[in-house]
Amino acid sequence: MRACVWCGRQLQTTLTLAQIWQFTPIAQATVCDTCRQRFTAITSQHCPSCGRQQVDETVCLDCQRWSGDRLTNHAVYVYDSAMKAYMQQYKFQGDYALRVLMQAPLAAALQRETYDVLVPIPVDQLTWRTRGFNQVTGWLQNQPFQQALLVRATHKERPQSAKDRADRLRTPQPFTLAPNAGQLLRGQRVLLLDDVYTTGRTLRHAADQIYLGGAKAVTSLTLAR
Amino acid sequence: MQNDEDFFGRQLPLRGAPTNGAVGQHALRTVGERRQCQRCGQWLAVTDRLANGDWYCRQCLQLGRLTSQHELYTIPEPNRFVRVKSGGLTWTGQLSAQQNVAAQAVLRHVKTRTDHLLWAVTGAGKTEIVYPALAWALAQGWRVAWTSPRVDVCLELAPRLRQAFGGVAQALLYGGQADPYAYCPLTICTTHQLLRFKAAFDLIVVDEVDAFPLATSPMLQRAITNAQKPQGCHLLLTATPGNDLQQQVRRRQLAVTYVPLRYHGHLLPQIDLRLAWRWREGLLRNRLPSALIHQLRGYLAKHQRFLLFVPHVVDLPVIGQALQLAGIQGGVTVHAADPDRPAKVQAMRDETIPFLITTTILERGVTFPNIAVVILGGDDPVFSTAVLVQIAGRVGRSADFPSGQVTCYCHSHTKRVRLARGMIAHLNLQGRRQGGRP
Ligand SMILES: [Zn+2]
Ligand SMILES: [Zn+2]
Ligand SMILES: [Zn+2]
């Protein structure tokens, strides 16, 4: 008997004959069907620029305000109350075990993207020490990626999540290119990976740097929008 | 900036040593190949590890994550309180003679620092029975926690204690609240919050000790032991102690005071057990046990109002229909999530309907004078021993109608029903000793 990593309910698991034979404990965590189905997948009817769920496929109002600074983002799930609860426990309470919930959906989403190099949005040194993980790379299993971006340890007077839209849009460029970024990026199609698309400010800052590094094209994928 | 008082009798997780001389220990202790969280006592799984190599405890995550980078800091509890006369008691109410006997017994055990169970039937006024002992303890400068596994019990209790003990500073602690922590002689908190304390309390009152999840959680039981000073004691309050506690009482490992009588001094009605073999199969053909039909027709003829308890929400429409067919009409079905529930309960109180078919014990404090209770399928696992005793306690609440019938129809004899009857018999034995009337 194993328990669901999120809700803690006991799961009926069918062991394969090989597992019984080898009598090895199963180390990887599991998720129950109810928890898997809590999230709302974004359909093909989304904003072509930011990936937000809509009733049609026109560019949404937020994206129209970014006129001239276009980015093509795809998102896997709607940022609804279930996703907020998930992010709260995974990212803010730091429950790294919950990364397994998103590994399979994200692997499927990456399959649908066209790119040469995958670049996750990095976390700064302080976050790495205190949180202990990068919430984005936690969702990757064996997919190769490059840490082409570095992030300045910004002494934040307020966390990003406490800012309103206007504050966020004024956020200065936090990223720099890693020393070997030129080799990694030149002439490549780059896919940026982040957790939540809120205003698109972070991803556009990252994309600007990736282009400076010589990339041919930059698109992005986020877990939620 | 941390205040010294914040460390008194607590275990505060920090990444670096504070300047006040508080003593630290690793939050996660390594024992051989395994790691144990020193806050909640649970063992870490091999997968409870962060990408940077640190370990973390998932079991007490809700209180803020502990990692192998943390130390838990404490300053031994100094009881740095201003002594107040009478322990700050401002309550002016009167205890009944029966309550007073129990209150004196509780006080005696607290004075001798003896762990103690107060086994009081619902409606006996157990909170007030603790007041004399609590007043004495606070007057000694003791640090006291009043804790319950249920947050609703804490929220209901806090204003009552603030009124009754107006002269003493009190803190209310529960998950997700905004108020900052305060060092006070009296702390009212959920049992989870005790995990933040270490050897802090001279006395811990555990309210509803049988309530979920305390009864089944070694983590919470350990929280009580750890939060109590080694020379301290605890007082357990319940109407329906579980098997473990009853066994400790029988083996005389735990002192007990009974309050077996309700305020009107009458004994609890015993559950009348009747076999209804394969009643579920009969129900498939819309048929109910003939003894049940006979009994309910009799109630209707005598204008005796009743509650019919059934195991599951899905049983409600089926049984309601079968009753209709048998000519037992006029009642309504109600369950916990029923949107019309308040209106239906009110209709029953107003005596505009003759009976309710229900799955739940309804709210605490909802009483119907002169009511009979019938349970169909009392052997179903949803009816725990505690629930059966509480259902029986629905009968005879009012002083004008202190007795009544409780009938339980079962497919077979079960341990739970037998234990419930045993518990009522045991309480009534104690009750007769105290002069209780049938
Ligand atoms: Zn689950
Ligand atoms: Zn858009
Ligand atoms: Zn823990």
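Author: Let's settle one word first: two residues are in contact when they have heavy atoms within 4.5 Å of each other. By that rule, in this predicted model, Asp195(A) touches Met87(A), Lys91(A), Gln135(A), Val136(A), Trp139(A), Thr222(A), Leu223(A) and Ala224(A), leaving aside residues up to four places away in sequence.

Reader: And where does Asp195(A) lie?

Author: Asp195(A) belongs to strand β7 of chain A, which covers residues 189-196.

Reader: Is Asp195(A) buried or exposed, and how do you know?

Author: Look at the accessibility: Asp195(A) has 4%. The cut-off for buried is under 20%, so Asp195(A) counts as buried.

Reader: What makes Cys47(A), Cys50(A), Cys60(A) and Cys63(A) donors of the zinc ion (ligand 2)?

Author: Distance does. Their SG atoms sit at 2.2 to 2.3 Å from the zinc ion (ligand 2). A donor S atom has to be within 2.8 Å of the metal, so these four SG atoms qualify.

Reader: Why is the site of the zinc ion (ligand 2) called tetrahedral?

Author: Check the angles among its four donor atoms: they run from 106 to 115°. The label asks for all angles between 85 and 135 degrees, so the site of the zinc ion (ligand 2) earns it.

Reader: What spacing do the donors of the zinc ion (ligand 2) follow along the chain?

Author: The pattern is C-x2-C-x9-C-x2-C. Cys47(A) is in the loop between α2 (33-36) and α3 (61-64) of chain A, while Cys63(A) is in helix α3, so this pair ties together parts that are 16 residues apart in sequence.

Reader: How do you know that Cys47(A) is buried?

Author: Cys47(A) has 0% relative accessibility, and Cys63(A) has 2%. Buried means under 20%, so both values fall in that class.

Reader: What makes the site of the zinc ion (ligand 1) tetrahedral?

Author: Start with its protein donors, the SG atoms of Cys4(A), Cys7(A), Cys32(A) and Cys35(A), which lie 2.2 to 2.3 Å from the zinc ion (ligand 1). The angles among these four donor atoms are 105 to 113°. Since the rule accepts angles between 85 and 135 degrees, the site counts as tetrahedral. Along the chain, these donors follow the spacing C-x2-C-x24-C-x2-C, and both Cys32(A) and Cys35(A) are buried.

Reader: Why is the pair Asp207(B) and Lys126(B) called a salt bridge?

Author: In general, side chains of opposite charge can pair when their charged atoms come close. For Asp207(B) and Lys126(B), the closest N and O atoms are 3.0 Å apart. The limit is 4 Å, so the pair is a salt bridge. Asp207(B) lies in strand β10 (residues 201-207) of chain B and Lys126(B) in helix α2 (residues 126-139) of chain B, so the pair ties together parts that are 81 residues apart in sequence.

Reader: What makes Lys126(B) count as buried?

Author: Its relative accessibility is 18%. The line is drawn at 20%, so Lys126(B) falls under it and counts as buried. Its partner Asp207(B) is buried too, with a relative accessible area of 2%.

Reader: Why is Arg150(B) called partly exposed?

Author: Arg150(B) comes out at 27%. Partly exposed is the range between 20% and 50%, so that is the right label. Asp152(B), at 37%, is also partly exposed. The two form a salt bridge, with the closest N and O atoms 2.7 Å apart.

Reader: Which residue does Arg278(B) form a salt bridge with?

Author: That would be Glu281(B), and the closest N and O atoms are 2.5 Å apart. Arg278(B) is partly exposed at 39%, and Glu281(B) is partly exposed at 35%.

Reader: How many salt bridges are there over all chains?

Author: The count comes to 16. Some residues form a network of salt bridges: Arg52(A), Asp62(A), Arg65(A) and Arg225(A) are linked in one.

Reader: How do you know that the side chains of Arg58(B) and Asp95(A) meet in a salt bridge?

Author: Their N to O distance is 2.8 Å, and the rule allows up to 4 Å, so the pair passes. The count between chain B and chain A is one salt bridge.

Reader: What else do chain B and chain A share across the interface?

Author: There are 12 residue pairs in polar contact. In terms of contacts, 12 residues of chain B meet 15 residues of chain A. The area buried between the two chains is about 1,100 Å², with carbon and sulfur atoms giving 42% of that.

Note on methods
Residues are numbered from 1 along each chain as its sequence is written. Chains are lettered from A and ligands numbered from 1 in the order in which they are written. This is a predicted model: local features need pLDDT of at least 70, side-chain atom pairs count only at pLDDT 80 or more; totals for chains, interfaces and linings use all residues. Side-chain values use heavy atoms; hydrogens and water are left out. Donors are N, O and S atoms within 2.8 Å of the metal (3.2 Å for Na, K and Ca); water is not among the atoms, so sites may look incomplete. Four donors count as tetrahedral if all angles lie between 85 and 135 degrees; four count as square planar and six as octahedral if opposite donors are over 155 degrees apart and all others between 65 and 115; anything else is irregular. Helices (H or I, at least four residues) and strands (E, at least two) are DSSP runs, numbered from the N terminus. Buried means under 20% relative accessible area, exposed over 50%, partly exposed in between (1.4 Å probe, protein chains only). Buried area is the accessible area (1.4 Å probe) that two parts lose on being put together, summed over both. A polar contact is a pair of N or O atoms within 3.5 Å; within protein, one must be able to donate a hydrogen and the other to accept it, and residues adjacent in sequence count only if both atoms are side-chain atoms.
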